[in-house]
Amino acid sequence: MDGDDEPVSGMEFNSLEDLMNYYKEYGKKRGFGVMTKRSERGEDETVRYVTLACARGGKARNRTINVANPRPTGKTECKAKINALKVADGKFRLTTVHNLHNHGLSPKKSRFFRCNREVSESVKRVLDTNDLAGIRMNKSFGSLVVGAGGFENLPFLEKDCRNYIDKARHLRLGAGGAGALRDYFLRMQYKNPGFFALMDLDDEGRLKNVFWADPRSRAAYQYFGDVCMDGIAPKAIITDQDRAMKNAIKIVFPESRHRFCLWHILKKVPEKLGCYGSYKEFIR
(Lines give C-alpha, C1' and ligand atoms only; values in the text may rest on other atoms or scores of the structure.)
Protein backbone atom coordinates (compact mmCIF):
# COMPACT_ATOMS: atom_id res chain seq x y z
CA MET A 1 0.00 0.00 0.00
CA ASP A 2 1.13 3.53 -0.70
CA GLY A 3 -0.04 7.04 0.08
CA ASP A 4 -2.55 6.95 -2.77
CA ASP A 5 -4.72 4.38 -0.97
CA GLU A 6 -7.26 5.91 1.42
CA PRO A 7 -7.16 4.24 4.85
CA VAL A 8 -10.02 1.91 5.73
CA SER A 9 -10.67 -0.31 8.74
CA GLY A 10 -9.00 -3.70 8.47
CA MET A 11 -5.89 -2.55 6.61
CA GLU A 12 -2.75 -4.27 7.93
CA PHE A 13 0.88 -3.16 7.98
CA ASN A 14 3.98 -5.23 8.60
CA SER A 15 5.32 -2.89 11.28
CA LEU A 16 4.66 0.33 13.15
CA GLU A 17 7.23 2.05 10.94
CA ASP A 18 5.38 0.96 7.80
CA LEU A 19 2.12 2.26 9.27
CA MET A 20 3.57 5.65 10.13
CA ASN A 21 5.33 6.02 6.78
CA TYR A 22 2.09 5.18 4.98
CA TYR A 23 -0.05 7.69 6.88
CA LYS A 24 2.56 10.44 6.58
CA GLU A 25 2.76 9.88 2.83
CA TYR A 26 -1.04 9.80 2.59
CA GLY A 27 -1.25 13.08 4.51
CA LYS A 28 1.46 14.61 2.35
CA LYS A 29 -0.44 13.80 -0.84
CA ARG A 30 -3.80 14.89 0.57
CA GLY A 31 -2.40 18.08 2.12
CA PHE A 32 -2.39 17.70 5.92
CA GLY A 33 0.26 17.13 8.56
CA VAL A 34 0.37 14.08 10.79
CA MET A 35 1.08 13.68 14.50
CA THR A 36 1.13 10.80 16.97
CA LYS A 37 -1.80 11.61 19.23
CA ARG A 38 -1.63 8.60 21.53
CA SER A 39 0.25 5.34 22.02
CA GLU A 40 0.16 2.50 24.53
CA ARG A 41 2.83 -0.06 25.35
CA GLY A 42 2.38 -3.68 26.37
CA GLU A 43 4.17 -5.66 29.06
CA ASP A 44 7.13 -6.15 26.71
CA GLU A 45 7.44 -2.33 26.43
CA THR A 46 6.68 -2.33 22.70
CA VAL A 47 3.87 -0.26 21.22
CA ARG A 48 0.62 -2.25 21.09
CA TYR A 49 -1.81 0.54 20.19
CA VAL A 50 -1.37 3.86 18.43
CA THR A 51 -3.48 6.78 17.23
CA LEU A 52 -2.17 8.87 14.33
CA ALA A 53 -4.09 12.06 13.71
CA CYS A 54 -4.23 15.24 11.68
CA ALA A 55 -1.76 17.76 13.07
CA ARG A 56 -4.55 20.32 13.32
CA GLY A 57 -6.41 18.19 15.83
CA GLY A 58 -6.67 19.44 19.38
CA LYS A 59 -8.08 22.55 20.97
CA ALA A 60 -7.11 25.90 19.51
CA ARG A 61 -5.06 28.09 21.81
CA ASN A 62 -3.91 31.66 21.36
CA ARG A 63 -0.21 32.33 21.03
CA THR A 64 0.95 34.97 23.48
CA ILE A 65 3.77 36.64 21.56
CA ASN A 66 1.56 39.72 21.41
CA VAL A 67 -0.76 39.31 24.36
CA ALA A 68 -2.80 42.40 23.52
CA ASN A 69 -3.60 40.98 20.07
CA PRO A 70 -3.33 37.18 20.35
CA ARG A 71 -2.75 35.20 17.14
CA PRO A 72 -4.58 31.87 16.83
CA THR A 73 -2.70 28.63 16.23
CA GLY A 74 -3.47 26.24 13.37
CA LYS A 75 -5.45 23.90 15.64
CA THR A 76 -9.08 23.43 14.55
CA GLU A 77 -10.09 20.40 16.67
CA CYS A 78 -9.97 18.30 13.49
CA LYS A 79 -11.18 14.73 14.14
CA ALA A 80 -9.40 13.02 11.23
CA LYS A 81 -7.39 10.09 12.61
CA ILE A 82 -6.63 6.37 12.44
CA ASN A 83 -6.37 3.89 15.32
CA ALA A 84 -4.21 0.79 14.93
CA LEU A 85 -3.82 -2.31 17.10
CA LYS A 86 -0.89 -4.71 17.14
CA VAL A 87 -2.03 -8.19 16.08
CA ALA A 88 -0.33 -11.52 15.27
CA ASP A 89 3.21 -11.55 13.86
CA GLY A 90 3.79 -7.97 15.00
CA LYS A 91 1.54 -6.49 12.35
CA PHE A 92 -0.68 -3.45 12.91
CA ARG A 93 -4.33 -3.44 11.87
CA LEU A 94 -6.48 -0.32 11.47
CA THR A 95 -9.45 -0.53 13.85
CA THR A 96 -10.93 2.97 13.50
CA VAL A 97 -10.67 5.40 10.60
CA HIS A 98 -11.94 8.98 10.30
CA ASN A 99 -10.98 10.61 7.00
CA LEU A 100 -13.05 13.82 7.12
CA HIS A 101 -11.28 17.08 7.97
CA ASN A 102 -12.93 20.27 9.22
CA HIS A 103 -10.45 22.53 7.40
CA GLY A 104 -9.03 23.02 3.95
CA LEU A 105 -6.27 20.75 2.66
CA SER A 106 -3.09 22.06 1.04
CA PRO A 107 -1.18 19.47 -1.02
CA LYS A 108 1.10 22.15 -2.48
CA LYS A 109 2.18 23.21 1.02
CA SER A 110 2.65 19.69 2.41
CA ARG A 111 6.42 19.85 2.31
CA PHE A 112 6.38 22.76 4.76
CA PHE A 113 4.54 20.76 7.43
CA ARG A 114 6.82 19.88 10.33
CA CYS A 115 6.27 16.12 9.98
CA ASN A 116 7.54 16.24 6.37
CA ARG A 117 10.63 18.39 6.91
CA GLU A 118 13.86 16.45 7.34
CA VAL A 119 17.53 17.38 7.13
CA SER A 120 19.42 14.40 5.66
CA GLU A 121 22.75 13.14 7.02
CA SER A 122 24.59 14.37 3.92
CA VAL A 123 23.16 17.87 4.38
CA LYS A 124 24.07 17.79 8.06
CA ARG A 125 27.69 17.07 7.13
CA VAL A 126 27.70 20.06 4.79
CA LEU A 127 26.20 22.30 7.48
CA ASP A 128 28.74 21.11 10.06
CA THR A 129 31.67 21.68 7.72
CA ASN A 130 30.50 25.16 6.77
CA ASP A 131 29.77 26.11 10.38
CA LEU A 132 33.23 25.03 11.55
CA ALA A 133 34.70 27.07 8.69
CA GLY A 134 32.82 30.15 9.89
CA ILE A 135 30.41 30.36 6.96
CA ARG A 136 27.17 32.10 7.90
CA MET A 137 23.94 30.13 7.76
CA ASN A 138 22.28 32.27 5.09
CA LYS A 139 25.25 31.60 2.78
CA SER A 140 25.30 27.91 3.65
CA PHE A 141 21.57 27.53 3.04
CA GLY A 142 21.86 29.49 -0.19
CA SER A 143 24.39 27.02 -1.53
CA LEU A 144 22.01 24.15 -0.72
CA VAL A 145 19.22 25.89 -2.63
CA VAL A 146 21.47 26.30 -5.68
CA GLY A 147 22.66 22.70 -5.45
CA ALA A 148 19.07 21.40 -5.30
CA GLY A 149 18.07 23.44 -8.34
CA GLY A 150 15.71 25.70 -6.43
CA PHE A 151 14.11 26.26 -3.06
CA GLU A 152 11.09 24.17 -4.02
CA ASN A 153 13.28 21.06 -4.27
CA LEU A 154 14.48 21.15 -0.66
CA PRO A 155 12.53 19.07 1.91
CA PHE A 156 13.43 21.48 4.73
CA LEU A 157 13.56 25.18 5.60
CA GLU A 158 16.42 27.43 6.65
CA LYS A 159 14.92 27.35 10.14
CA ASP A 160 15.46 23.58 10.28
CA CYS A 161 19.12 24.07 9.37
CA ARG A 162 19.54 26.68 12.08
CA ASN A 163 17.92 24.37 14.64
CA TYR A 164 20.27 21.55 13.69
CA ILE A 165 23.39 23.73 13.98
CA ASP A 166 22.25 25.06 17.37
CA LYS A 167 22.03 21.48 18.65
CA ALA A 168 25.30 20.51 16.98
CA ARG A 169 27.15 23.40 18.61
CA HIS A 170 25.79 22.36 21.99
CA LEU A 171 26.95 18.76 21.50
CA ARG A 172 30.40 19.85 20.37
CA LEU A 173 31.05 21.10 23.89
CA GLY A 174 30.71 17.39 24.80
CA ALA A 175 32.63 15.59 27.49
CA GLY A 176 35.23 17.79 29.14
CA GLY A 177 33.54 20.91 27.83
CA ALA A 178 33.10 22.29 31.32
CA GLY A 179 36.82 21.83 31.93
CA ALA A 180 37.68 23.64 28.71
CA LEU A 181 35.41 26.52 29.71
CA ARG A 182 37.02 26.67 33.15
CA ASP A 183 40.49 26.79 31.60
CA TYR A 184 39.35 29.64 29.36
CA PHE A 185 38.05 31.58 32.36
CA LEU A 186 41.35 31.03 34.19
CA ARG A 187 43.26 32.44 31.22
CA MET A 188 40.98 35.47 31.17
CA GLN A 189 41.48 36.05 34.90
CA TYR A 190 45.26 35.77 34.47
CA LYS A 191 45.17 38.43 31.73
CA ASN A 192 42.82 40.70 33.66
CA PRO A 193 42.33 40.47 37.45
CA GLY A 194 39.02 42.32 37.05
CA PHE A 195 37.49 39.38 35.19
CA PHE A 196 35.16 37.28 37.37
CA ALA A 197 33.63 33.87 36.62
CA LEU A 198 31.64 31.29 38.54
CA MET A 199 30.61 27.79 37.38
CA ASP A 200 28.03 25.41 38.86
CA LEU A 201 28.48 21.67 38.12
CA ASP A 202 26.25 18.72 38.98
CA ASP A 203 27.41 15.53 40.76
CA GLU A 204 28.58 14.04 37.45
CA GLY A 205 30.67 17.06 36.50
CA ARG A 206 28.21 18.40 33.93
CA LEU A 207 27.80 22.13 33.56
CA LYS A 208 24.54 23.46 35.07
CA ASN A 209 25.03 27.23 35.31
CA VAL A 210 27.74 29.70 34.45
CA PHE A 211 28.21 33.40 35.23
CA TRP A 212 30.96 35.76 34.15
CA ALA A 213 31.57 39.49 34.21
CA ASP A 214 34.38 41.44 32.61
CA PRO A 215 35.67 44.78 33.95
CA ARG A 216 33.59 46.75 31.46
CA SER A 217 30.31 45.13 32.52
CA ARG A 218 31.19 45.59 36.20
CA ALA A 219 31.82 49.27 35.60
CA ALA A 220 28.56 49.58 33.66
CA TYR A 221 26.68 48.19 36.65
CA GLN A 222 27.62 51.24 38.66
CA TYR A 223 25.46 53.25 36.26
CA PHE A 224 22.63 50.85 35.44
CA GLY A 225 22.38 48.54 38.48
CA ASP A 226 20.35 45.81 36.79
CA VAL A 227 21.82 42.71 38.55
CA CYS A 228 23.34 42.02 41.99
CA MET A 229 27.10 42.82 42.05
CA ASP A 230 29.80 43.97 44.52
CA GLY A 231 27.32 43.67 47.39
CA ILE A 232 25.11 46.39 45.92
CA ALA A 233 21.44 45.57 45.54
CA PRO A 234 19.76 46.26 42.18
CA LYS A 235 17.88 49.54 41.94
CA ALA A 236 14.78 47.89 40.47
CA ILE A 237 13.48 44.33 40.04
CA ILE A 238 10.78 43.33 37.52
CA THR A 239 8.94 40.02 38.02
CA ASP A 240 5.54 38.45 37.53
CA GLN A 241 2.95 38.61 40.33
CA ASP A 242 4.30 35.63 42.24
CA ARG A 243 3.58 36.18 45.93
CA ALA A 244 6.52 34.14 47.22
CA MET A 245 8.93 36.11 45.03
CA LYS A 246 7.38 39.36 46.20
CA ASN A 247 7.94 38.41 49.85
CA ALA A 248 11.51 37.24 49.19
CA ILE A 249 12.46 40.45 47.41
CA LYS A 250 11.04 42.49 50.28
CA ILE A 251 13.28 40.62 52.72
CA VAL A 252 16.50 40.30 50.69
CA PHE A 253 16.36 43.62 48.77
CA PRO A 254 14.30 45.95 50.95
CA GLU A 255 15.65 49.08 49.22
CA SER A 256 15.04 47.87 45.66
CA ARG A 257 11.96 49.00 43.77
CA HIS A 258 9.82 45.98 42.87
CA ARG A 259 7.65 46.30 39.78
CA PHE A 260 5.31 43.86 38.04
CA CYS A 261 6.12 42.84 34.48
CA LEU A 262 3.79 44.49 31.94
CA TRP A 263 4.01 41.46 29.64
CA HIS A 264 2.63 39.17 32.36
CA ILE A 265 -0.11 41.66 33.17
CA LEU A 266 -1.23 41.92 29.54
CA LYS A 267 -1.04 38.13 29.21
CA LYS A 268 -3.84 37.83 31.76
CA VAL A 269 -6.03 40.50 30.15
CA PRO A 270 -7.87 38.08 27.77
CA GLU A 271 -8.44 35.64 30.64
CA LYS A 272 -9.76 38.23 33.08
CA LEU A 273 -11.59 40.61 30.74
CA GLY A 274 -12.40 38.54 27.65
CA CYS A 275 -15.93 37.76 28.89
CA TYR A 276 -16.92 41.46 28.84
CA GLY A 277 -18.57 42.93 25.75
CA SER A 278 -16.29 45.96 25.68
CA TYR A 279 -13.09 43.85 25.71
CA LYS A 280 -12.47 44.15 21.96
CA GLU A 281 -12.74 47.94 22.17
CA PHE A 282 -10.27 47.92 25.06
CA ILE A 283 -7.47 46.16 23.14
CA ARG A 284 -7.70 48.33 20.02
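**Helix packing and sheet order in the predicted model**

The axes of helix 2 (residues 121-132) and helix 3 (residues 137-148) come within 10 Å and cross at roughly 145°. Their crossing is right-handed. Helix 2 brings Val123, Val126, Leu127 and Asn130 to the contact, and helix 3 brings Met137, Ser140, Ser143 and Leu144. Of the residues in this contact, five are nonpolar and three are polar. None is charged. These features come from a predicted model.

The model also holds an open sheet of five strands. Their order is 1-7-6-3-2, and the pairing is antiparallel. Strand 1 (12-13) and strand 2 (34-41) stand at the edges. Each has a single partner strand, so one side of each is left without a neighbour in the sheet. Strand 1 is joined to strand 7 (residues 92-98) by two bridges, and these two strands run antiparallel. Phe13 has Phe92 of strand 7 as its bridge partner.

Helix 1 (residues 16-30) lies across the strands of this sheet. Strand 1, strand 2, strand 3 (47-54), strand 6 (81-86) and strand 7 are the strands involved. The helix runs at about 5° to strand 3.

A further helix, helix 4, spans residues 158-173 and contains Asp160. The relative accessible area of Asp160 is 13%. The cut-off for a buried residue is under 20%, so Asp160 counts as buried. Leaving aside residues up to four places away in sequence, Asp160 touches Arg117 and Val119.

Key: Residues numbered from 1 in each chain as written. Predicted model: local features only at pLDDT ≥ 70, side-chain atom pairs only at ≥ 80, totals over all residues. Heavy atoms only, no water. Helix = DSSP H or I, 4+ residues; strand = E, 2+ residues; numbered from the N terminus. Buried < 20%, exposed > 50% of the residue type's maximum accessible area, 1.4 Å probe, protein only. Contact = heavy atoms within 4.5 Å. Axes fitted to C-alpha atoms, helices over the stretch in contact; angles between N-to-C directions. Left-handed = near helix turned anticlockwise from the far one by under 90°. Nonpolar A, V, L, I, M, F, W, Y, C, P; charged D, E, K, R; others polar. Pairing = 2+ DSSP bridges.
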